[in-house]
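Q: I am new to this structure and would like a close look at one part of it. Please start from a single residue and work outward from there.

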Amino acid sequence: MKAMIFAAGLGTRLHPFTEKQPKALVKVGNTTMLELVIHQLKHAGVTDIIINVHHFADQLIDFIKANNNFDLHIEVSEEREELLDTGGGLKKASWFFSDDKPFILHNVDVLSNVNLNQLLQFHKNNKALVTLAVSERTSSRYFLFDNAMKLSGWENTRTNQEIIVDSKAGNLHRYAFSGIHIIDPSIFGMIQEAGRFSLIDLYLRLAGNNLIQGIAHDAGDWIDMGKPADLEKAALLIRAGRFKGLESLNL
């Protein structure tokens, strides 16, 4: 199974930790975010990973090499000259997914107990273009789904911006995105955008004619490690054995 880890971001929410290192190398306890996500992906059976890099790219590349690629096949997608956002970053890495099999896309700063294998099977069973892990938790930005959990819109409650894809969808339900996608590689043939662009915009453009679905998980089984205050909280939860695939770590 293949996966991509989004690790190119500037990590501005994690200042001062990211002033001299990339977000992916910020430590939770004594273990980097990158290692935590790789452990969870390995636990799910992932054998091939591509990681995008931008901020302090050399540090991240050297770290991967120093750890013998964590005994996996790991490639790096470099965005040194321009940070490409989520859509542009995925498009640049498209060459890695030439086996025509669905793959996992995972943010480097989230941990969860989402069963990635079940998520993948759900995706295959429904023949979806994209499957998004979501939960009912407070956020400023939400994906909007119809009763069948088909993506039908997006909302930013802070700016009052709303985009509706299907005006006939009826009552829509707000879910916060958890930073985990299952994607069919056929999506690469549908991407018209170039350069820097967001996956949210791409998904909203494609949702009218393609199945982009959500699958809800318990909000308590997920944590965002994007702010300094979140790091110790994440470490405590890992030490308590709350996250599968990380039980062997000594944080």
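Which residues does Ile 38 touch, not counting residues up to four places away in sequence?

A: Before the details, one caution: this is a predicted model.

Start with the contacts. Leaving aside residues up to four places away in sequence, Ile 38 touches Ile 5, Ile 49, Phe 70, Leu 72 and Ile 74. Ile 38 itself sits in helix 1. Is Ile 38 buried or exposed? Its relative accessible area is 1%, so Ile 38 counts as buried.

Now place those partners. Ile 5 falls within strand 1, which covers residues 2-6. Ile 49 falls within strand 4, residues 48-53. Ile 74 falls within strand 5, residues 73-78.

For a sense of distance, compare Ile 38 with Val 165. These two residues are 127 apart along the chain. Their C-alpha atoms are separated by 34 Å.

Next, move to helix 2. Helix 1 is part of what covers the buried residues there. Strand 3, strand 4 and strand 5 are also part of that cover. Which residues of helix 2 are buried? They are Ala 57, Leu 60, Ile 61, Phe 63 and Ile 64, within a helix that runs from 57 to 66. They share one side of helix 2, because they cover an arc of only 160° around the axis. The other side of helix 2 has Lys 65 and Ala 66, which are exposed.

Follow the chain out of helix 2. Asn 68 comes just after the helix. Asn 68 belongs to the loop that links helix 2 to strand 5. Its phi is positive, about 50°, although Asn 68 is not a glycine. The relative accessibility of Asn 68 is 54%, and the cut-off for exposed is over 50%, so Asn 68 counts as exposed.

Asn 160 also has a positive phi, near 65°, and is a residue other than glycine. The loop between strand 10 and strand 11 holds Asn 160. With 69% relative accessibility, Asn 160 counts as exposed.

One more backbone feature deserves a look. His 15 and Pro 16 are joined by a cis peptide bond, with omega at about 10°. Pro 16 is in the loop between strand 1 and strand 2.

Helix 1 returns when we turn to the pockets. The second largest pocket holds about 200 Å³ of space. Its lining has 13 residues, and those nearest the centre are His 43, Val 114, Asn 115, Leu 116 and Lys 244. Helix 1 and helix 4 each supply at least two lining residues. Which element gives the most to this lining? Helix 1 does, with 3 residues. By class, the lining splits into 5 nonpolar, 7 polar and 1 charged.

Then there is the largest pocket, with a volume of about 1,600 Å³. Its lining counts 45 residues; closest to the centre are Arg 13, Asn 107, Asp 109, Arg 141 and Asp 224. Several elements give two or more residues to this lining, among them helix 3, strand 9, helix 5 and helix 6. Strand 12 gives the most, with 5 residues. The lining has 18 nonpolar, 15 polar and 12 charged residues.

Finally, step back to the whole protein. How many helices and strands are there? The protein has 6 helices and 14 strands. The protein is as compact as a globular protein of 251 residues, because its radius of gyration is 17 Å, close to the 18 Å from the globule rule. Along the principal axes, the C-alpha atoms fill a box of roughly 50 × 35 × 35 Å. Buried residues form 53% of the 251. Ile 38 is one such buried residue. Of the contacts with a separation of 6 or more, 73% are between residues 24 or more positions apart.

To retrace the route: Ile 38 lies in helix 1, helix 1 helps to cover the buried residues of helix 2, and helix 1 gives the most to the lining of the second largest pocket.

Note on methods
Residues numbered from 1 in each chain as written. Predicted model: local features only at pLDDT ≥ 70, side-chain atom pairs only at ≥ 80, totals over all residues. Heavy atoms only, no water. Buried < 20%, exposed > 50% of the residue type's maximum accessible area, 1.4 Å probe, protein only. Helix = DSSP H or I, 4+ residues; strand = E, 2+ residues; numbered from the N terminus. Arc of directions from axis to C-beta. Contact = heavy atoms within 4.5 Å. 1 Å grid on protein atoms, 1.4 Å probe; cavity = no way out; pocket = protein on both sides within 12 Å on 5 of 7 lines; lining within 4 Å. Points joined across faces, edges and corners; volume = space filled by probe spheres on them. Nonpolar A, V, L, I, M, F, W, Y, C, P; charged D, E, K, R; others polar. Rg over C-alpha atoms; globule rule 2.2 N^0.38 Å.
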